[in-house]
Every structure is written in structure tokens, then in C-alpha cells.
Amino acid sequence: MATFLGSTPAFLARPAAKPQVSCAPPSRPPSAQPPSDQPPPPPQQQQQEPMQAQARAPAPKRAATSADSTDWVASSLTRRIGIGAGLAWVGFLAFGVVSEQLKTRFEVAQQQANTKDVEEQQEVVLPNGIRYTEMRVGGGDVPRPGDLVVIDLQGRVSGGGGGEAFVDTFGDGKRPLALVMGSRPYTRGMCEGIEYALRSMRSGGKRRVVVPASLGFGEDGADFGDDGTQVPPGATLEYVVQVDKVSIAPA
């Protein structure tokens with residue numbers, strides 16, 4: 001048959017290929033991953049991871065706007081307005097101080113102009129037993145409760161024949177007394193009768209005042225032990241009081 005055809009047919013010349021049988025399991029595609037033993041992360045963690053990644057990412061640079069370009073103008077104007085306001089406030093304070101000084105000088109001048117010596121001195125007797133004689137009528141303010149009053153005071157025991165004064169602030173080198181109207185206790189030599197007499201006096205005024213024992217040191221008297229001066233029990237007192245200044249007490 002080969003001789004008849006002259007050549008061997010192709011399907012007879014090549015041996016038939018035997019199929020190869022493999023015992024290995026078929027390979028899986030790359031996309032298919034074996035199941036993991038760890039459970040998938042919770043939804044909250046899955047949401048936080050993108051947020052954390054976004055927070056770590058650098059913020060994009062903001063383009064400059066026209067408002068940013070005018071910030072330095074606003075800051076400059078603010079500083080200038082602040083400096084101007086400060087200077088205005090300083091000027092206002094200075095004006096207030098000068099005005100207060102002018103007011104004080106005016107009040108002093110007015111007080112001096114209205115203060116007059118009494119030519120005919122007459123004794124006035126009050127219902128509580130206090131007697132006083134105006135020596136000089138003041139032209140300033142009348143002390144009110146709570147006011148700070150600066151006075152000169154001289155006090156002696158009545159009927160003592162001009163004995164030694166138990167208080168005397170008149171004269172050079174002596175300091176006047178300062179008291180707040182209505183306050184207790186009294187300063188040295190002061191008594192209720194003198195405070196009562198001060199209520200009707202004015203700054204710049206001067207009086208001679210006679211105080212009964214009931215409004216003085218009473219039946220106990222007083223002992224100013226530093227210099228041995230004593231006021232006997234039940235003594236009537238004679239004072240000379242001068243109001244130097246009346247002002248508002250400091251807070």
C-alpha cells in the first residue's frame with residue numbers, strides 16, 4: 001500500500017501523542033485567595049482608617065485671597081486706633097486732674113472769701129446743755145456723717161483757773177486731729193459734745209464750746225497717762241475747736 005501511494009501518509013508517519021495525566025490538584029487563579037482565619041475588621045475601624053489617612057495627608061495650600069491681602073491694613077488701623085484711644089484716655093485723665101485742682105483752688109478761695117471773724121460774739125445755748133460762741137464763721141462745707149474732718153482742738157477742765165490743757169493741737173509743730181464723723185472710738189481729747197458741735201460748723205470756722213459732763217467724759221473721767229494729764233469725774237469741759245478741712249473719707 002505504501003508502494004502504491006509512493007509515500008507514507010502523515011498520520012501514519014507521526015506516532016500519536018499520548019495524553020499526559022497529572023495527579024496534582026488544579027491551580028487556582030491569582031485573584032482567588034485562600035480564606036483567612038482572622039475575622040474582617042469592624043465597619044467602624046474600616047471608616048476610621050481612611051479618616052486617619054486623610055488626617056496624615058498634608059493640607060493643601062490655600063490660595064491667597066483679597067481678604068488676606070487686606071489683613072495688614074486692618075491690623076495697622078487697629079493699632080493706630082488703639083494708640084489714639086489710649087492717648088485720648090490719658091488726655092481725659094489729665095484734664096480731670098487739672099479740673100479737680102482748679103476746683104479745689106476755687107473752693108479754697110471761696111471758703112477764704114466767705115470766712116469772717118465775728119465782731120460781736122454771742123453765746124448760744126443748746127437744749128442738750130452745750131454752749132458755744134462763734135469766734136469765726138467758716139465759708140466751707142458742713143461736715144456730714146462719714147466725712148473726713150481735720151480739726152485743731154484745745155481742751156481744758158472748766159473752772160480749773162486756766163489749768164493745763166489735756167489736748168492742744170494749736171501752734172507750730174503740732175499736728176491737727178483727723179476724724180470720721182460718726183466713727184468710734186474718739187481720738188485723744190475728743191468727746192461726744194465736740195462731735196455734736198461740729199455738725200453745725202463749716203470748714204474754716206472756729207468756736208469756743210462748753211461741754212457738760214454728760215456729753216464729755218461722764219462720771220468716769222479720763223486719764224491721759226502718757227503725760228499725767230487727767231480729767232476728773234463729772235467735770236465740765238471747755239474747748240476751742242477749729243475746722244481746717246472737710247472732705248470725703250477714703251474708701
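Valine 149 has its bridge partner in β6, and that partner is leucine 179. The pairing belongs to a predicted model, in which β4 and β6 run antiparallel and are joined by four bridges. Follow β6 along and you will find two faces: Leu177 and Leu179 make up the covered one, while Ala178 and Val180 make up the uncovered one. That fits a general pattern, since in a regular strand the side chains alternate between the two faces of the sheet.

From the covered face, let us step over to isoleucine 151. Leaving aside residues up to four places away in sequence, isoleucine 151 touches Leu177 and Leu179, and its other contacts include Pro176, Met190, Leu198, Val241 and Val243. Thr169, Gln242 and Asp244 are also among the residues it touches.

Isoleucine 151 also has a place in a wider setting, the largest nonpolar core, which has 29 residues. Ile151, Leu153, Ile194, Leu198, Val209, Leu237 and Tyr239 are the members that touch the most other members. At least two residues of this core come from each of β4 (147-157), β6 (177-180), α6 (192-198), β7 (206-211), β8 (222-224) and β10 (237-248). The largest share, five residues, is supplied by β10. In soluble globular proteins, nonpolar side chains tend to be buried together.

Now for the rings. The structure holds four aromatic pairs. In one of them, phenylalanine 166 meets phenylalanine 217 edge-to-face, with 6.0 Å centre to centre and 80 degrees between the planes. Phenylalanine 166 lies in the loop between β4 and β5 (167-168) and phenylalanine 217 in the loop between β7 and β8, so this pair ties together parts that are 51 residues apart in sequence. Both phenylalanine 166 and phenylalanine 217 are buried.

Phenylalanine 166 has another ring partner, phenylalanine 224, and this pair is stacked: 5.8 Å centre to centre, with 5 degrees between the planes. Here the link runs from the loop between β4 and β5 to strand β8, 58 residues apart. Why do we call phenylalanine 166 buried? Its relative accessible area is 1%, and buried means under 20%. Phenylalanine 224, at 13%, is buried as well. Together with Phe217 and Tyr239, Phe166 and Phe224 form one aromatic cluster.

Two further details are worth a look. The loop between β6 and α6 contains proline 185, and the peptide bond leading to this proline from arginine 184 is cis, with omega near -5 degrees. Elsewhere, arginine 207 places its charged end over the ring of tyrosine 132, 3.9 Å from the ring's centre.

Key:
Residues are numbered from 1 along each chain as its sequence is written. This is a predicted model: local features need pLDDT of at least 70, side-chain atom pairs count only at pLDDT 80 or more; totals for chains, interfaces and linings use all residues. Side-chain values use heavy atoms; hydrogens and water are left out. A nonpolar core is a set of buried Ala, Val, Leu, Ile, Met, Phe, Trp, Tyr and Cys residues joined through side-chain atoms within 4.5 Å. Buried means under 20% relative accessible area, exposed over 50%, partly exposed in between (1.4 Å probe, protein chains only). Contact means heavy atoms within 4.5 Å. Two strands pair if DSSP finds at least two bridges between them. Rings of Phe, Tyr and Trp (its six-membered ring) pair if their centres lie within 6.5 Å; planes under 30 degrees apart count as stacked, over 60 as edge-to-face and the rest as tilted. A charge sits over a ring if NZ of Lys or CZ of Arg is within 6 Å of the ring centre and within 35 degrees of the ring normal.
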